[in-house]
Amino acid sequence: MMQADPFAFASLLAEQILKGEGVGKLPIDPKAFARAKDIEVVAKPTSSAGVSGMLVRSGNEFAIAYATHLENEGFENFSVGHELGHFFLPGHMDAVIPGGSGMHESRAGFNSKDRYEAEADRFSAGFLMPRFLFFPATETAGSGLAAIEALATLCKTSLHATAIRYAQCTREPVAVIISVGSRIDHCFLSEALKQASGIDRLRKHEAVPRGTATHAFNQDSNNVKKAARVEESCNLQDWFGGKRSLPIGEDVLGLGRYGKTLTVLHSIKLPDAEEEEDEAALIESWTPRFKR
Ligand SMILES: [Zn+2]
């Protein structure tokens, strides 16, 4: 059974807010949006790594500070979107700034286990990449890493956030994997890949499987720092096991200062239902039958 997504509400709310404001094209500028709501928005000095942004409240006055240490406009937009999440999501303001005045420090986009942080991240993704604008863009963006890069340019979002949103919104069977060294940070399968018939249930691993382009790439940490890139072909089995051999594309990119590796598995030609039946019939014809 599919597990309900506990944070889906957050991106839906973000999309609802944009629709209510009549926003009809990408990119969304979260700084301009916040300022239009009388929220002060300021850049923060680069000294405090790890903190992506801050929300400051004094009674009914609000300010957002965003970190600039990654020197990445996409990450800054995501950070501002995250603070807007705390502003708009029900219950957040009281939880993150109890008592009506004070400051909340955020760690946006770091896969936080904290419920409010995770929910604000989802709000931000939905706000910067609302499905009603983002999905049509995925249809013409091409495939693999190139598609994600095109979408990130269009939305002014980080490759990391864009890749995750792409896996959530595309019709294509794709997997997006974020890894550090030999460890998989997280792995997102698109709906088409999750629902695929004819392949075994994909087993997600905690370690980057040996023999993959990503495994070789991560052996040299300079690849991440230099934002090196490789595009290779491999097999879905290499990543997820299973009985069926399916050739796929594996694009790998070092995320530079972010210190992580982005892998996109794409061009996955899933067997269609008809091929499945043919194969089943073939297997049956091979199976000897004995009369009792
Ligand atoms: Zn936060």
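**Helix packing and buried residues in the predicted model**

Leaving aside neighbours within four places in sequence, Phe33 is in contact with Ile17, Glu21, Leu84, Phe88 and Phe127. The model examined here is a predicted one. Phe33 lies in helix H2, which covers residues 30-36. Phe33 has a relative accessible area of 11%, and because the limit for a buried residue is under 20%, Phe33 is classed as buried. The C-alpha atoms of Phe33 and Leu18 are 9.7 Å apart in space, with a separation of 15 residues in sequence.

Two of the residues touched by Phe33, Ile17 and Phe127, also take part in the packing of helix H1 with helix H5. Helix H1 comprises residues 8-20 and helix H5 residues 115-128. The axes of these helices are 7 Å apart and form an angle of about 40°. H1 is therefore oblique to H5, since angles under 35 degrees count as roughly parallel and those of 65 to 115 as roughly perpendicular. The crossing of H1 past H5 is right-handed. On the H1 side, the contact is formed by Ala8, Ala10, Ser11, Leu13, Ala14, Glu15, Ile17 and Leu18. H5 contributes Glu119, Arg122, Phe123, Gly126 and Phe127. By class, the residues of this H1 to H5 contact comprise eight nonpolar, two polar and three charged. Leu18, whose C-alpha distance to Phe33 is given above, is among the H1 residues of this contact.

A second helix pair consists of H6, residues 131-139, and H8, residues 159-169. The axes of H6 and H8 come within 10 Å and cross at roughly 85°. Because angles of 65 to 115 degrees count as roughly perpendicular, H6 and H8 are assigned to that class. The contact involves Arg131, Phe134, Phe135 and Thr138 of H6. From H8, the participating residues are Thr162, Arg165, Tyr166, Gln168 and Cys169. Four nonpolar, three polar and two charged residues make up the contact of H6 with H8.

Two further buried positions were examined, one in a strand and one in a loop. Ala65 belongs to strand S3, residues 61-67. With a relative accessible area of 8%, Ala65 is buried. Ala65 and Ala43 are separated by 22 residues in sequence, while the distance between their C-alpha atoms is 5.5 Å. When neighbours within four places in sequence are set aside, the contacts of Ala65 are with Val42, Lys44, Gly53 and Met54.

Lys260 occupies the loop that links strand S8 (247-254) and strand S9 (261-266). The relative accessible area of Lys260 is 14%, and this residue is buried. A polar contact of 2.8 Å joins the side chain of Lys260 to the side chain of Asp185. Not counting residues up to four places away in sequence, Lys260 touches Ile178, Ser179, Val180, Asp185, Val224, Leu253, Gly254 and Leu255. Of these, Leu253 and Gly254 fall within the residue range of strand S8.

For the protein as a whole, 13 helices and nine strands were assigned. The protein has 292 residues, 49% of which count as buried. Among contacts between residues at least 6 apart in sequence, 61% join residues at least 24 apart.

Methods:
Residues are numbered from 1 along each chain as its sequence is written. This is a predicted model: local features need pLDDT of at least 70, side-chain atom pairs count only at pLDDT 80 or more; totals for chains, interfaces and linings use all residues. Side-chain values use heavy atoms; hydrogens and water are left out. Axes are lines fitted to C-alpha atoms, for helices over the stretch in contact, and angles run from 0 to 180 degrees between N-to-C directions. Helices (H or I, at least four residues) and strands (E, at least two) are DSSP runs, numbered from the N terminus. Angles under 35 degrees count as roughly parallel, over 145 as roughly antiparallel, 65 to 115 as roughly perpendicular and the rest as oblique. A crossing is left-handed if the near helix is turned anticlockwise from the far one by less than a right angle, and right-handed if clockwise. Contact means heavy atoms within 4.5 Å. Ala, Val, Leu, Ile, Met, Phe, Trp, Tyr, Cys and Pro count as nonpolar, Asp, Glu, Lys and Arg as charged, and the others, Gly among them, as polar. Buried means under 20% relative accessible area, exposed over 50%, partly exposed in between (1.4 Å probe, protein chains only). A polar contact is a pair of N or O atoms within 3.5 Å; within protein, one must be able to donate a hydrogen and the other to accept it, and residues adjacent in sequence count only if both atoms are side-chain atoms.
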